[in-house]
Amino acid sequence: MAVSKSTVSIVFIVLGGLAVLFGTVLVFVGPIIIDDQIVKNVEINPNNGLSYTMWKDIPVPFFMSVYFFHIVNPDEILKGEKPTVVQRGPYVYREKRWKDNITFYDDNHTVSYKEYRQYFFEESMSVGDESDVVTIPNMLVLGASVMMENMPFPLRVLLSTTFKTFKEGPFLTKPVGELMWGYDSKLVDFLNKYLPGMLPTSGKFGLFAEFNNSNTGEFTVFTGQDDIRKVHMVESWNGKKRVDYWRSEQCNMINGTAGQMWPPFMTKESTMPFYSPDACRSMELVYQRPGVSRGIPVYRFVAPKTLFANGADYPPNEGFCPCRQSGLLNVSTCRHNSPVFISQPHFFEADPVLLRTVNGLRPNEDKHGLFIDIHPETGVPMNVSIRLQLNLLMKRVIGISETGKIAEVVMPMIWFEESGYIDGPVLNTFRTNLVVLPMVMEYMQYIFIALGLAGILGAVMLYVTDKVKSRMDDHPCADVDPYSSASEKAPLLQTPAS
């Protein structure tokens, strides 16, 4: 039996209405479903294969690139002239990071762990080899000299005599590998034997000697299982809820995450706080601009100019003082009181006075600014580049002849970039589960509404067309003019009646 067009149109109207209804429901319910899926995937939970693996083992390429400031005029510096440096590097190291000693606490929804790190030299990615020889300030001599500046004169002379006894000069000229991971020093052996604990290492002395095969301390962070807004936020570090390196309560606070992931649903008004054990303080990045990283929409967060500003320029930083020029962070209180300062590379965004004290520095935002590109819906970083510079305060100290006539200067020694990005299978899985599927669900609501409206419109047109055609079939048009009279219809010749 043939189905009438009216029946078909009614069916299409019903189906179209249902599609519009379903799409409208998705408009309101879809975001809830998407957010619920994100929450389930980003909380720290061993049952979440993707996010838990990324959090625990960090299965993405991560590298540390180190640049040395090679001193070209050490003799002239001892005479009081301005230092001149040439950047050498990068010397690139692949980082292996993993978490161990993982313990979950259900009572307050936290998890504690220690994160370990190892470094492996990547010659193919480096400009040079670990055997390259460079000249940098001798921290043992120039750093100790500044530390002894206010000690009695006889003690300063005794220190100078000790340096001469162990043949330690104001500058070191050694291979990169030894400067990085440690070199033999009779002075270090002497100090560790008779003054244990004075130095940060009990073995060889090197800039990164205490970093390799080490951990960053015990972090306890929230899992987010009770409140996703707290996921990855630090509850304590080494059992402490605050540090005691600085001079104010605010500066001693442990804020934010451990610096690897952040809570989801970030906006342009959000900030990215994190605690850095290496910098001994909490830091905070701010939104700069949107972007795309390997096909995934991201927000770029950067360091604000106030990050290393001094207390005069930014009063909340007064607790990090004693301060020098803006752009420098004095970390002596957590580095055995050695006169060490952290800055951005090449004194980027620092007081211009610092650039005038050293020749060879050329700050550039693209090369020296730190940033994190983060997927705002999940709080997962897609591309990271943390760039910091290590500087040493050096100057003439009366009684210590090794310091000569050195003019007071914050001397750049090295700068390093820790970078990583999500790629390969991890990127594909992340994109599918947390970007593509939510996007498909979001588009489905509009597709259903569009198809439903199209179906309804088509059904209405079909119904109207069918009705018009039926009316014409019921009242066909005559071939004779309806206005003609009866006489006009009679034949011209009529047969007479009989």
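This report describes the overall make-up, the disulfides and the aromatic pairs of a predicted model.

**Overall make-up**

The chain has 498 residues, and 46% of them count as buried. Its secondary structure consists of 11 helices and 15 strands. Among contacts with a separation of 6 or more, 66% are made by residues 24 or more positions apart. The exposed area of the chain is about 25,600 Å², with carbon and sulfur atoms supplying 58% of it.

Part of this surface is a nonpolar patch of about 900 Å². Its members are Ile10, Val11, Val14, Leu15, Leu18, Leu21, Val25, Phe28, Val29 and Ile33. One of them, Leu15, is found in helix H1, which spans residues 5-42.

**Disulfides and the remaining cysteine**

A disulfide is a covalent bond between the sulfur atoms of two cysteines. The structure holds 2 disulfides, and with bonded cysteines counted along the chain they follow the pattern 1-4, 2-3. Cys251 takes part in no disulfide; the nearest cysteine sulfur, that of Cys321, is 8.3 Å away. Cys251 has a relative accessibility of 4% and therefore counts as buried, the limit being under 20%.

The link between Cys280 and Cys334 has an S to S distance of 2.0 Å. It is right-handed, with 90° about the S-S bond. Cys280 sits in the loop between strand E8 (271-276) and strand E9 (281-293), while Cys334 sits in the loop between strand E11 (329-330) and strand E12 (340-343), so the bond ties together parts that are 54 residues apart in sequence. Both cysteines of this link, Cys280 and Cys334, are buried.

The other disulfide joins Cys321 and Cys323, whose sulfur atoms are 1.9 Å apart. Its torsion about the S-S bond is about -90°, so the link of Cys321 and Cys323 is left-handed. The two residues fall into separate exposure classes: Cys321 counts as buried because its relative accessibility is 9%, whereas Cys323, with a relative accessible area of 32%, is partly exposed.

**Aromatic pairs**

A pair of aromatic rings is described by the distance of the centres and the angle of the planes. A search of the whole structure finds 21 aromatic pairs; two of them are set out below.

| Pair | Centre to centre | Angle of planes | Type |
|---|---|---|---|
| Trp55 and Tyr113 | 5.3 Å | 85° | edge-to-face |
| Trp262 and Phe274 | 6.3 Å | 90° | edge-to-face |

Trp55 belongs to helix H2 (residues 49-57) and Tyr113 to strand E3 (residues 110-121), so their pairing ties together parts that are 58 residues apart in sequence. Trp55 has a relative accessibility of 4% and so counts as buried. Tyr113 is likewise buried, with a relative accessible area of 2%.

The pair of Trp262 and Phe274 links distant parts of the chain, 12 residues apart. Trp262 lies in the loop between strand E7 (234-237) and E8, and Phe274 lies in strand E8. Both Trp262 and Phe274 are buried.

Trp55 and Tyr113 also belong to one aromatic cluster, formed together with Tyr52, Phe104, Phe219, Trp237 and Tyr275.

Terms used. Residues are numbered from 1 along each chain as its sequence is written. This is a predicted model: local features need pLDDT of at least 70, side-chain atom pairs count only at pLDDT 80 or more; totals for chains, interfaces and linings use all residues. Side-chain values use heavy atoms; hydrogens and water are left out. Helices (H or I, at least four residues) and strands (E, at least two) are DSSP runs, numbered from the N terminus. Buried means under 20% relative accessible area, exposed over 50%, partly exposed in between (1.4 Å probe, protein chains only). Contact means heavy atoms within 4.5 Å. Accessible areas come from the Shrake-Rupley method with a 1.4 Å probe; for residues, only the protein chains shown count as cover. Patches are made of residues with over 30% relative accessible area and no salt bridge: like charges are joined within 9 Å, nonpolar side chains (Val, Leu, Ile, Met, Phe, Trp, Tyr) within 5 Å. A salt bridge is a side-chain nitrogen of Lys or Arg within 4 Å of a carboxyl oxygen of Asp or Glu. A disulfide is a pair of cysteine sulfur atoms within 2.5 Å. Rings of Phe, Tyr and Trp (its six-membered ring) pair if their centres lie within 6.5 Å; planes under 30 degrees apart count as stacked, over 60 as edge-to-face and the rest as tilted.
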